[in-house]
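This report describes the fold, the nonpolar cores, the surface and the charged pairs of one protein chain. The sequence and the structure are shown first.

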Amino acid sequence: MPNERSEMKINRLSPILAVPDVLAAVEYYTRVLGFERDWLWKDPPTHGAVSRDNIQIQFGLSAARAERAPGTQFFLFVNDVEKFHALHRANGAEIISPIENKPWGLREYTARDPWGYELRFAGPEKYEKPADARDSLPPNIRIVERTATFDEYIAIVKSVNWGHNPDALPTALRGSVHGVVAVDIADPANPKTVGMLRIIGDGALAFCIQEVAVMPSHQNQRIGTAMIETALNWLRRSAPKGAFVGLFTQKPGFYERCGFQADIGMHLKT
């Protein structure tokens, strides 16, 4: 018997904001925030709506309810948060929280409309070089072209709080096309692998760089960049001309510096 819940879909969310002046709200959201007017109801309007892409916002005339609006927030995920921020600043929007990378992995800012509603615009983090980041690789770090061992892999992913599947890991490691590790040889008698990445794919037409990780104790020392550069040099030597090279990341800014560009990515739901 089909699951009734799985057959029921919510197609759209359209919040209704209480405002003392519907026409003024529609004008502000179109002129300042970049929406388009959808419709107005009655003359003078008691209801109206604006939209942009897949988002619609409605406005209902209610001065009493509008007094309770201040502090109400809406979260909007956008494809280019920098451009939205520039548009809103140029149009005179009130920015109450500056654009910045947040600890939860997004780059965002908050604009407040004249009736107290707060719109948080968010997108992928922008890579910003940390103030304490090194410009060159530490002399005690060696970049080695090999796949991480089982124990090295487990130690690194645990250090960065990534999930892992120890049962499937041996097969995954054996199936790697190539690998790169960073080894700290400060203690020559006890070298420690502190970073890794894997290259997977069919070995001919398609390659994917994944699991790029550096232990927190060794971050901001150019280790990640050095591993990526080593991987790309191997791909330039080994991959046929025209082969696809991709990766999936929540920090596109870092990889754009290495020559990647943002594109469409999809994954299979399991």
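The description moves from the overall model to individual residues.

**Overall model**

The structure is a predicted model. Its mean pLDDT is 89, and 87% of the residues score at least 70. The pLDDT falls below 50 over residues 266–270, a stretch with one contact in the model beyond near neighbours in sequence. Where pLDDT is low, predicted coordinates should not be read in detail.

Eight helices and 13 strands are present in the protein. Of its 270 residues, 41% are buried. Among contacts between residues at least 6 apart in sequence, 58% join residues at least 24 apart. The exposed surface amounts to about 16600 Å², of which carbon and sulfur atoms supply 52%.

**Nonpolar cores**

The largest nonpolar core contains 34 residues, and L197, I199, I209, M227 and L235 touch the most other members. Two or more residues each come from α5 (150–159), α6 (169–174), β10 (178–184), β11 (192–201), β12 (206–214) and α7 (223–238). The greatest contribution is that of α7, with seven residues.

What does M227 touch, leaving aside residues up to four places away in sequence? Its contacts are I143, V180, V181, A182, G195, M196, L197, V212, A213 and V214. Apart from this core lies another, of 27 residues, including Y29, L33, V81 and A93.

**A buried strand residue and an exposed one**

T110 belongs to strand β7, which spans residues 106–112. Is T110 buried or exposed? Its relative accessible area is 5%, which is under the 20% cut-off, so T110 counts as buried. Not counting residues up to four places away in sequence, T110 touches E94, I95, I96 and S97, as well as E118, L119 and R120.

F77 lies in strand β5 (residues 73–77). The relative accessible area of F77 is 61%, over the 50% cut-off, and F77 is therefore classed as exposed. Together with F75 and W104, F77 forms a nonpolar patch on the surface, with about 380 Å² of accessible area in total.

**Salt bridges**

Side chains of opposite charge can pair when their charged atoms come close. The structure holds 10 salt bridges. Three of them are listed below, including the separation of the closest N and O atoms.

| Acidic residue | Basic residue | N to O distance |
|---|---|---|
| E100 | K102 | 2.7 Å |
| E211 | R198 | 2.6 Å |
| E229 | R222 | 3.1 Å |

The pair of E211 and R198 links distant parts of the chain: E211 is in strand β12 and R198 in strand β11, 13 residues apart. E211 has 18% relative accessibility and counts as buried, and R198 is also buried, at 5%.

In the pair of E100 and K102, E100 is partly exposed at 33% relative accessible area, whereas K102 counts as buried at 11%. For the bridge between R222 and E229, R222 is partly exposed at 30%, and E229 is partly exposed at 34%.

Conventions. Residues are numbered from 1 along each chain as its sequence is written. This is a predicted model: local features need pLDDT of at least 70, side-chain atom pairs count only at pLDDT 80 or more; totals for chains, interfaces and linings use all residues. Side-chain values use heavy atoms; hydrogens and water are left out. A nonpolar core is a set of buried Ala, Val, Leu, Ile, Met, Phe, Trp, Tyr and Cys residues joined through side-chain atoms within 4.5 Å. Buried means under 20% relative accessible area, exposed over 50%, partly exposed in between (1.4 Å probe, protein chains only). Helices (H or I, at least four residues) and strands (E, at least two) are DSSP runs, numbered from the N terminus. Contact means heavy atoms within 4.5 Å. Patches are made of residues with over 30% relative accessible area and no salt bridge: like charges are joined within 9 Å, nonpolar side chains (Val, Leu, Ile, Met, Phe, Trp, Tyr) within 5 Å. Accessible areas come from the Shrake-Rupley method with a 1.4 Å probe; for residues, only the protein chains shown count as cover. A salt bridge is a side-chain nitrogen of Lys or Arg within 4 Å of a carboxyl oxygen of Asp or Glu. pLDDT is the predictor's confidence in each residue, from 0 to 100.
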